[in-house]
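Here is a protein to explore by asking and answering. Keep the picture in view while you read.

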Amino acid sequence: MNKTLLKSVREFKKETVLTPIFVILEVLMEVLIPLQMAKIIDVGIQQGDLPYILKMGGILVVMAMLALFFGAVAGATAAKAGAGYARNLRHDIFYKIQEFSFKNIDNFSTSSLVTRMTTDITNVQMAYMMTIRLLARAPIMMILSWIMTLTINVKVAMLFLVAAPLLGFALIFIAKKAHPLFVQVFDQYDVLNNDVQENVNAARVVKAYVREDHEIEKFHGISLLVFKLFTKAEKIVAWNSPVMQFMMYTVIIVIVLIGGEDIILGTMEPGELTSVMIYAIQILMSLMMVSFVFVMNMIAEASTDRIQEVLEEVPEMQDKPDAVKEVKDGEIIFENVDFSYAGEGGPLALKNVNLHIRSGQTIGIFGGTGSAKSTLVSLIPRLYDVTKGSVKVGGIDVRDYNLEALRDQVSMVLQKNVLFTGSIYDNIRWGDEDASDEEVQRVCRLAQADGFIREFPEGYDTQIVEGGNNVSGGQKQRLCIARALLKKPKILILDDSTSAVDTKTDALIRKAFREEIPNTTKIIISQRVSSIEDADQIIILDDGRIDGVGTSEELLKNNAIYREVYESQMKGGEDNE
Ligand SMILES: Nc1ncnc2c1ncn2[C@@H]1O[C@H](COP(=O)(O)OP(=O)(O)OP(=O)(O)O)[C@@H](O)[C@H]1O
Ligand SMILES: [Mg+2]
């Protein structure tokens, strides 16, 4: 059990406390029942007193019913406490993930987060339920049964003092042997989940590359490993039962020997022997339960650690108390910016970047693949924090803004974009939940998406499937642009967002931007010269450094990288015509 996680019990504390209380009541009944039986045998049967037998028998039945009742209630409260705790944990993890920055997300793989929210939580839930049910039960049962035995026969009571620790050690030894194997099993589960998720997510790619056989083989490999590890672990745990049985029968034989002698000597009644046997079974069963809880908790421990990792991940970005809520305009300044994905001391993705972009300008960003174009723009809506220097938007350091306000006003179409399950209306309204139908249609016209949407039989009500696979690449890009426009941002960033759109439509989108949102700063990343040629400033990036800034004309004169690409693309264009 773990402090960080236990905080999530919250409103289920009541059930958590009630469970052991009912369990104790149940145990009390179970301990008194053998005593009652001894009385029936030793007094009622031996003296042939039928009314006594009936009276005591009646009480016995009532006690048994009470035990059943308390047991059932304890089971129900334990189940509720466990399930409720699991629900709260799942909520807490989910909310925590929503607080994560891009950097936090980089620290966990998606599939491992999914495993943590499913398998791991189920493990914790089971362990919790078992613990609150059995942990109170076992020791109390053992102590009470032992005291009862002590009142009947001191020698037998002493016998337990030897037998119980012996069995306890044996069970713990088995559990300890199995533990590392269980830890390995759960690590492999992670790998398995990761593999399945990746495969299912990329089902289309797998098919396109005819990699099904390879994927199946890979899956079989991990699946086999999980099977082997599990079998190995369970083989060890399976020793529990024979060890327990062996101990139980040994104890019973010894009790019969001791008790038989005492009965012959007349110091013990036969009914008492029966009760002592029942107490013996109860004590040993309790030990078995303790070891069971022990194993459950050990299995859950690996899961607990993994859940704790998520809950204790410090959200890297938190708003200052006096955070600014309003972005004045679309001016952007980079001052001596260094950035490393690994944090201070790591390899620099951006090196000493200085920029001044005036509000309302159109900026083109150009550079080879991996030259840090996406990295550069991700600092503007503060998807990542700079490692050194500062980024200012509207004259204020991005770290001083309320994050939500900043991201509302700096709208970015990510390079790896997704649409969600739902209608086109729903998807565009991610930009602004309250936007009217007309407003949605207006931004779709701006993004040159209105035309193709209207050609769908269901128009704007067309359902997008998971991942947006039922629209073409270029259509998806235009829907994503429309979604970003709906925020009415002061800064609009398009990261390679028209790569799948034909040049003519691309030009229409830029024309619409120029005419309809003249005051918004527009940053366009593109591999296509034609997309950025008419920008107010073009920034040339090379390996994380700024290699040149200027208009297309200026760069043609003094920037080798730009000139080379310009010439190759423009020449290619002429050839095509
Ligand atoms: N999340 C990340 N964690 C660690 N390194 C990253 C991450 N994202 C990008 N990088 C690295 O940072 C460098 C710049 O990547 P970036 O994505 O900014 O390039 P880019 O210019 O946008 O390339 P492209 O034209 O292919 O989109 C690359 O070396 C890349 O490997
Ligand atoms: Mg990129």
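The questions below go through a predicted model, starting with its ligand.

Q: How many residues surround ligand 1?
A: Look for the closest ones first: Thr369, Lys373, Ser374, Thr375 and Gln415. They belong to a shell around ligand 1. The number of residues in that shell is 13.

Q: Which helix gives the most to the shell around ligand 1?
A: The top contributor supplies three residues to the shell. It spans residues 373-378. The name is helix 11.

Q: How many residues of the shell around ligand 1 are polar?
A: Sort the shell by class. Three residues are nonpolar, and two are charged. The polar residues number eight.

Q: Which residue has a polar side-chain atom 3.4 Å from a nitrogen atom of ligand 1?
A: A polar contact pairs N or O atoms within 3.5 Å. The distance of 3.4 Å fits that cut-off. The residue is Asp106.

Q: What is the distance from an oxygen atom of ligand 1 to a side-chain N or O atom of Gln415?
A: Oxygen atoms of ligand 1 also meet the protein. With Gly370, the partner is a backbone N or O atom, at 2.9 Å. With Gln415, the partner sits in the side chain, and the distance is 2.8 Å.

Q: How much of the accessible area of ligand 1 does the protein cover?
A: Start with ligand 1 on its own. Its accessible area is then 640 Å². The protein covers 60%.

Q: Is Ser101 buried or exposed?
A: Ser101 sits in the loop between helix 3 (50-99) and helix 4 (102-107). Leaving aside neighbours within four places in sequence, Ser101 is in contact with Glu316 and Met317. Its relative accessible area is 5%, and buried means under 20%, so Ser101 is buried.

Q: Which helix gives the largest share of the largest nonpolar core?
A: This core has 41 residues. Ile428, Leu479 and Leu485 touch the most other members. The largest share, six residues, comes from residues 473-485, which form helix 16.

Q: How many residues are in the second, separate core?
A: This core is apart from the largest one. Its members include Met248, Ile255, Ile258 and Val276. The count is 39 residues.

Q: What is the relative accessibility of Asn352?
A: Asn352 lies in strand 2 (residues 350-357). Its phi is positive, about 45 degrees, although Asn352 is not a glycine. Leaving aside neighbours within four places in sequence, Asn352 is in contact with Asn336, Val337 and Asp338. Asn352 counts as partly exposed because its relative accessibility is 47%.

Q: How far is Asn352 from Lys388 in space, C-alpha to C-alpha?
A: Along the sequence, Asn352 and Lys388 are 36 residues apart. In space, the C-alpha distance is 8.6 Å.

Q: Is Gln448 buried or partly exposed?
A: Gln448 is in the loop between helix 14 (437-446) and helix 15 (450-455). Gln448 is not a glycine, yet its phi is positive, about 60 degrees. Its relative accessibility is 23%, so Gln448 counts as partly exposed.

Q: Which side chain does a polar contact of 3.0 Å join to that of Glu331?
A: Glu331 lies in the loop between helix 10 (270-312) and strand 1 (332-339). Not counting residues up to four places away in sequence, Glu331 touches several residues, including His356, Ile357 and Thr521. The side chain in the 3.0 Å polar contact belongs to His356.

Q: Is Asn240 buried or exposed?
A: Asn240 lies in helix 9 (residues 240-265). Not counting residues up to four places away in sequence, Asn240 touches Leu171, Ile174, Met288 and Ser291. Its relative accessibility is 9%, so Asn240 counts as buried.

Q: Which residue has its backbone oxygen 2.4 Å from a polar side-chain atom of Thr231?
A: Thr231 is in helix 8 (residues 212-237). Thr231 is partly exposed, with a relative accessible area of 31%. The backbone oxygen at 2.4 Å belongs to Phe227.

Conventions:
Residues are numbered from 1 along each chain as its sequence is written. Chains are lettered from A and ligands numbered from 1 in the order in which they are written. This is a predicted model: local features need pLDDT of at least 70, side-chain atom pairs count only at pLDDT 80 or more; totals for chains, interfaces and linings use all residues. Side-chain values use heavy atoms; hydrogens and water are left out. A residue is near a molecule or strand if one of its heavy atoms lies within 4 Å of it. A polar contact is a pair of N or O atoms within 3.5 Å; within protein, one must be able to donate a hydrogen and the other to accept it, and residues adjacent in sequence count only if both atoms are side-chain atoms. Accessible areas come from the Shrake-Rupley method with a 1.4 Å probe; for residues, only the protein chains shown count as cover. Helices (H or I, at least four residues) and strands (E, at least two) are DSSP runs, numbered from the N terminus. Ala, Val, Leu, Ile, Met, Phe, Trp, Tyr, Cys and Pro count as nonpolar, Asp, Glu, Lys and Arg as charged, and the others, Gly among them, as polar. Buried means under 20% relative accessible area, exposed over 50%, partly exposed in between (1.4 Å probe, protein chains only). Contact means heavy atoms within 4.5 Å. A nonpolar core is a set of buried Ala, Val, Leu, Ile, Met, Phe, Trp, Tyr and Cys residues joined through side-chain atoms within 4.5 Å.
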